[in-house]
Amino acid sequence: MKTALIAACLALAAGVTAPVAARPAQDGVKVDSETRQAVIRDLGEKMRDGYVFPEVAERTAKALAEKERKHGYDSLETAEAFAAALTEDLRRIGQDGHFGVRYDPAFVPPPESDEAPGADEIERLRRRHEQMGYGIERVARLEGNIGYLDVRSFGMPDFTGPAFEGAMRLLQGSDAVIIDLRSNGGGNAGSVAELISHFFAHGDERHLNDIYWRPTGETRQYWTNPAAETRYTGPVYLVTSNYTFSGGEEFAFDMQTQKRARIYGETTGGGANPGRGVKLAGGFTAFIPSGRAINPITHTNWEHVGVKPDVALPAAGALQAAYVAALQAAANDAEGEDKAEYAALIERAQHGEANLPRWEAPARP
């Protein structure tokens, strides 16, 4: 198993990722002036060393230090409040939704060397993926033979690959597939490519995404995986929300630019700069975006602008609209009694009477 993938999971992603590892907040821990100063000093150094845009890192680090010098953080006496304020300032000044700070004394930074992880660490990561359902919330067959896949996150390809294969086997005979990304907060770019691989025929290899990493100056390419076994080449619909972020956005952007799916819902969150978690003074940790996604077709990414849907509508109604569209496409190829059945399903769906999975907007990190 590749060290880069292990490191990615420890940081909550490699490639395109969610902001900071989600652990339970530790309320009530007190912080003093000396700790706040040390955290801001460490944060500035880590940004200058690693943030993907050096000029933004310099400007942001200076602004935080100046606010601290003017006692702008003095009223924040708990670790939770201080971390929340730093996160807000980082995202406002740096204009990057991947920035984040948490109080997390147990945080272990991902390894930077090529040293292979031990068996205990691999097993811990495996259990974590199992507990998260490998990022798959639900696989279902909706009425009218429409497949449905709710993907909440993209973990490490070594673990998620078999889960994606299993899900695609269940969906293989669908007349259309809807992929729900409305609650997807991000993940590993390799895992994004792994799932996309199932939506192109064998032999149809696609260059999906590139990621430039400032610390090494290297650019890594992401392609469909020729070893992906089950392939689905029928119609694909995606549903998105303004919560959809990072790796979830990459999946939508890649499928859209490859002209492989039609997107229904809201413009996504706009985070295309991946990175890693770093340890700061006083038990704090920060997520520093150190990379930049580059689409090989558009030579752009979705940072700040998000992924724009083909059919824009509120996220709460996006699944219903995509389902109706999928049924209509299937009805066009149907005949006789099948066509009449599709017509009845479409009418029910248009009136909100279809039995569709419920969705609630997730809380933002």
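**Close-up 1. A negative surface patch in the predicted model**. Glu335, Glu337, Asp338 and Glu341 together form this negative patch on the surface. One of these residues, glutamate 337, belongs to helix H10, which spans residues 336-350. Glutamate 337 counts as exposed because its relative accessibility is 68%, and exposed residues are those over 50%.

**Close-up 2. The aromatic pair of phenylalanine 82 and phenylalanine 284**. The whole structure contains 10 aromatic pairs. In the pair shown here, the ring centres of phenylalanine 82 and phenylalanine 284 lie 5.6 Å apart and the ring planes meet at 85°, so the arrangement is edge-to-face. Distant parts of the chain are linked by this pair: phenylalanine 82 sits in helix H4 (residues 79-94) and phenylalanine 284 in strand S10 (residues 284-289), with the two positions 202 residues apart in numbering. Phenylalanine 82 and phenylalanine 284 are both buried.

**Close-up 3. The aromatic pair of phenylalanine 154 and phenylalanine 164**. These two rings are also arranged edge-to-face, with a centre-to-centre distance of 6.2 Å and an angle of 70° between the planes. Phenylalanine 154 is placed in the loop between strand S3 (146-151) and helix H6 (157-171), while phenylalanine 164 is in helix H6 itself, so the pair ties together parts 10 residues apart in sequence. Phenylalanine 154 is buried, its relative accessible area being 3%. Phenylalanine 164 likewise counts as buried, at 1% relative accessibility.

**Close-up 4. An aromatic cluster**. Tyr73, Phe82, Tyr103 and Phe284 form one aromatic cluster. Phe82 and Phe284 are the edge-to-face pair of the second close-up.

Note on methods: Residues numbered from 1 in each chain as written. Predicted model: local features only at pLDDT ≥ 70, side-chain atom pairs only at ≥ 80, totals over all residues. Heavy atoms only, no water. Patch = residues over 30% accessible without salt bridge, like charges linked within 9 Å, V, L, I, M, F, W, Y side chains within 5 Å. Areas by Shrake-Rupley, 256 points an atom, 1.4 Å probe, with all protein chains shown as cover. Salt bridge = Lys/Arg side-chain N within 4 Å of Asp/Glu carboxyl O. Lys, Arg positive; Asp, Glu negative; His and termini not counted. Charge placed at Lys NZ, Arg CZ, Asp CG, Glu CD. Helix = DSSP H or I, 4+ residues; strand = E, 2+ residues; numbered from the N terminus. Buried < 20%, exposed > 50% of the residue type's maximum accessible area, 1.4 Å probe, protein only. Phe/Tyr/Trp six-rings, centres within 6.5 Å; stacked < 30°, edge-to-face > 60°.
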